[in-house]
Amino acid sequence: NNFNSYRLFLMSIIYDHLDYEKSDFNDIFSRLEKHLKLNLYNDGSTFDFIERNSILYHEYNMIALVKVAEILEKRLELNIMDLISHGLAFMKPYVNGTIKHVMFLESKLNSDVHHHFYGVEYNKDFSNKYFLKKIENFFN
């Protein structure tokens, strides 16, 4: 879920700023691979999108994962964006407006009925503008 995506992001920041050894980053990469196997499905959707029926929660995951990729790629010389690119591609029709999405209506979490976006149709104005700008090549 997006909690674990942000946990990996925070670990990456800490390791990066404290100038940890490459082996420590290999540990984060291993955790990332495990997290992606559990959280990012073959169609590019995430656990949070399926469970909560919200493209915004999918985006929250992607924001953290893109930031982890940026940190790990410079430390491990890997193309981690390949691992998460199908998650970004999954967002494309929602961001471009090709697919209309009414958020949280089919959420499996009962409390989502009280979410302030419950029943609201998603549009990219809800999204993190910096994030969309950063990955705009996925959406063109």
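# Notebook: Ile80 and its surroundings

I started with Ile80 and, skipping its neighbours within four places in sequence, found contacts to Phe29, Leu32, Ala69, Leu72 and Glu73. A reminder to myself: this is a predicted model. Next I looked up where Ile80 sits, and it is in the loop between α4 and α5. Is Ile80 buried or exposed? Its relative accessibility is 1%, and the cut-off for buried is under 20%, so Ile80 counts as buried. I also checked a pair of C-alpha atoms: those of Ile80 and Val68 are 8.7 Å apart, with their positions 12 residues apart along the chain.

**Leu72, one of the contacts**

Leu72 came up in the list for Ile80, so I looked it up as well. Which residues does Leu72 touch, if I don't count those up to four places away in sequence? I got Ser12, Phe25, Ile28, Phe29, Leu32, Glu77 and Ile80.

**The nonpolar core**

I then pulled up the largest nonpolar core, which has 39 residues. Leu72 is there again: together with Leu32, Ile55 and Phe131, it has the most contacts inside this core. Which elements give two or more residues to it? They are α1, α2, α4 (55-76), α5 (81-95) and α6 (129-134). The largest share comes from α4, with 13 residues. My course notes fit here: in soluble globular proteins, nonpolar side chains tend to be buried together.

**Helix α1**

On to α1, which has 16 residues. From its first C-alpha to its last it reaches 22 Å, close to the 22 Å expected at 1.5 Å a residue. I listed its buried residues: Asn2, Ser5, Leu8, Phe9, Met11, Ser12, Tyr15 and Asp16. What do they pack against? The answer is α2, α3 (47-52) and α4.

I picked Asp16 out of that list, a residue in helix α1. Asp16 has 16% relative accessibility, so it counts as buried. Leaving aside neighbours within four places in sequence, Asp16 is in contact with Phe25, Ile71, Lys74 and Arg75. After α1 comes Asp19, and its phi is positive, near 55°.

**α1 against α2**

How do I describe two packed helices? By the angle between their axes and the distance between the axes. For α1 (residues 2-17) and α2 (residues 22-39), the axes come within 11 Å and cross at roughly 170°. That makes α1 roughly antiparallel to α2, because angles over 145 degrees count that way. On the α1 side, the contact is made by Asn4, Ser5, Arg7, Leu8, Met11, Ser12, Tyr15 and Asp16. On the α2 side, I noted Asp24, Phe25, Asp27, Ile28, Arg31, Leu32, His35 and Asn39. Sorted by class, this contact has 6 nonpolar, 5 polar and 5 charged residues.

**Positive phi in two loops**

Last, I looked up two loop residues. Asn53 lies in the loop between α3 and α4. Its phi is near 55°, a positive value in a residue other than glycine. Asn53 counts as buried, because its relative accessibility is 14%.

Phe104 is in the loop between α5 and α6. Here phi is near 70°, again a positive value in a residue other than glycine. Is Phe104 buried or exposed? At 2% relative accessibility, Phe104 counts as buried.

Notes: Residues are numbered from 1 along each chain as its sequence is written. This is a predicted model: local features need pLDDT of at least 70, side-chain atom pairs count only at pLDDT 80 or more; totals for chains, interfaces and linings use all residues. Side-chain values use heavy atoms; hydrogens and water are left out. Axes are lines fitted to C-alpha atoms, for helices over the stretch in contact, and angles run from 0 to 180 degrees between N-to-C directions. Helices (H or I, at least four residues) and strands (E, at least two) are DSSP runs, numbered from the N terminus. Angles under 35 degrees count as roughly parallel, over 145 as roughly antiparallel, 65 to 115 as roughly perpendicular and the rest as oblique. Contact means heavy atoms within 4.5 Å. Ala, Val, Leu, Ile, Met, Phe, Trp, Tyr, Cys and Pro count as nonpolar, Asp, Glu, Lys and Arg as charged, and the others, Gly among them, as polar. A nonpolar core is a set of buried Ala, Val, Leu, Ile, Met, Phe, Trp, Tyr and Cys residues joined through side-chain atoms within 4.5 Å. Buried means under 20% relative accessible area, exposed over 50%, partly exposed in between (1.4 Å probe, protein chains only). The expected span of a helix is 1.5 Å times one less than its number of residues.
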